[in-house]
Amino acid sequence: MSDVYILGTDMIKFGRFPETSVPNLGAKAALMALDDAELTIQDMEALCCGNLGQANAMVGQRVLQEIGQTGIPVVNCANACATGATAFREAWMSIKAG
């Protein structure tokens with residue numbers, strides 16, 4: 001078994017962004033977290049995306065399209081108030097499993 005570490009985080013300011021798409025917001029957050037971890041999109045091996053507002057809209061795949069990354073596994077999670085925690089757990093379990 002391998003250890004799992006959080007290397008990078010960041011956060012977009014809370015608010016309403018009617019002029020910005022959900023995938024665009026997700027892409028911005030992903031790039032900010034990668035920058036914080038001093039990694040690039042080429043270092044990504046999978047994406048676990050939690051989104052309840054557009055649960056059936058393949059947001060994870062659309063986020064990757066926005067940042068120019070393709071060909072990696074994507075898990076889209078929707079789990080009411082536990083959406084973020086579920087996406088985090090999926091990523092953690094994926095890393096833990098190797």
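## Exercises on a predicted model

Gly 68, which comes just after helix 2, takes a positive phi of about 85°. Helices (H or I, at least four residues) and strands (E, at least two) are DSSP runs, numbered from the N terminus. This is a predicted model, in which local features need pLDDT of at least 70 and side-chain atom pairs count only at pLDDT 80 or more, while totals for chains, interfaces and linings use all residues. Residues are numbered from 1 along each chain as its sequence is written, and side-chain values use heavy atoms, with hydrogens and water left out.

**Exercise 1.** State which residues form the largest nonpolar core and which element gives the most to this core.

Solution. Step 1: apply the definition, a set of buried Ala, Val, Leu, Ile, Met, Phe, Trp, Tyr and Cys residues joined through side-chain atoms within 4.5 Å. Buried means under 20% relative accessible area, exposed over 50%, and partly exposed in between (1.4 Å probe, protein chains only).
Step 2: list the members. The largest core has eleven residues: Ala 27, Leu 34, Ile 41, Met 44, Leu 47, Cys 49, Val 59, Val 63, Leu 64, Ile 67 and Ile 72.
Step 3: assign elements. At least two residues of this core come from each of helix 1 (22–36), strand 1 (47–50) and helix 2 (59–67). Helix 2 gives the most, with four residues.
Step 4: check one member. Ile 67 is in contact (heavy atoms within 4.5 Å) with Ala 27, Leu 31, Ile 41 and Met 44, leaving aside neighbours within four places in sequence.

**Exercise 2.** Find the buried residues of helix 2 and say what covers them.

Solution. Step 1: Val 59, Gly 60, Val 63, Leu 64 and Ile 67 are the buried residues in helix 2.
Step 2: they lie on the same side of helix 2, because they cover an arc of only 140° around the axis. The arc is that of the directions from the helix axis to the C-beta atoms.
Step 3: the cover over these residues includes helix 1, strand 1 and strand 2 (74–77).

**Exercise 3.** Describe the surroundings of Gln 69 and Thr 83.

Solution. Step 1: Gln 69 sits in the loop between helix 2 and strand 2 and is buried, with a relative accessible area of 11%.
Step 2: a polar atom of the Gln 69 side chain lies 2.6 Å from the backbone oxygen of Ile 41. Not counting residues up to four places away in sequence, Gln 69 touches Ile 41, Gln 42, Met 44 and Leu 64.
Step 3: Thr 83 belongs to helix 3 (residues 83–96) and is buried at a relative accessible area of 7%. The Thr 83 side chain reaches the backbone nitrogen of Asn 79 at 2.9 Å.
Step 4: with residues up to four places away in sequence not counted, Thr 83 touches Gly 50, Asn 51, Leu 52, Cys 77 and Ala 78.

**Exercise 4.** Count the disulfides and examine Cys 48 and Cys 81.

Solution. Step 1: the structure holds zero disulfides (a pair of cysteine sulfur atoms within 2.5 Å).
Step 2: Cys 48 is in no disulfide, and the nearest cysteine sulfur, that of Cys 77, is 6.0 Å away.
Step 3: the sulfur of Cys 81 is too far for a bond, because the closest cysteine sulfur, in Cys 77, is 15 Å away. Cys 81 is exposed, with a relative accessible area of 88%.

**Exercise 5.** Locate Met 58 and Ala 80.

Solution. Step 1: Met 58 is in the loop between strand 1 and helix 2, and has a positive phi of about 50° although it is not a glycine.
Step 2: Ala 80 is in the loop between strand 2 and helix 3. Ala 80 is not a glycine either, yet has a positive phi of about 50°.
Step 3: Ala 80 is exposed, with a relative accessible area of 52%.

Methods: Polar contact = N/O pair within 3.5 Å; in protein donor to acceptor, adjacent residues only side chain to side chain.
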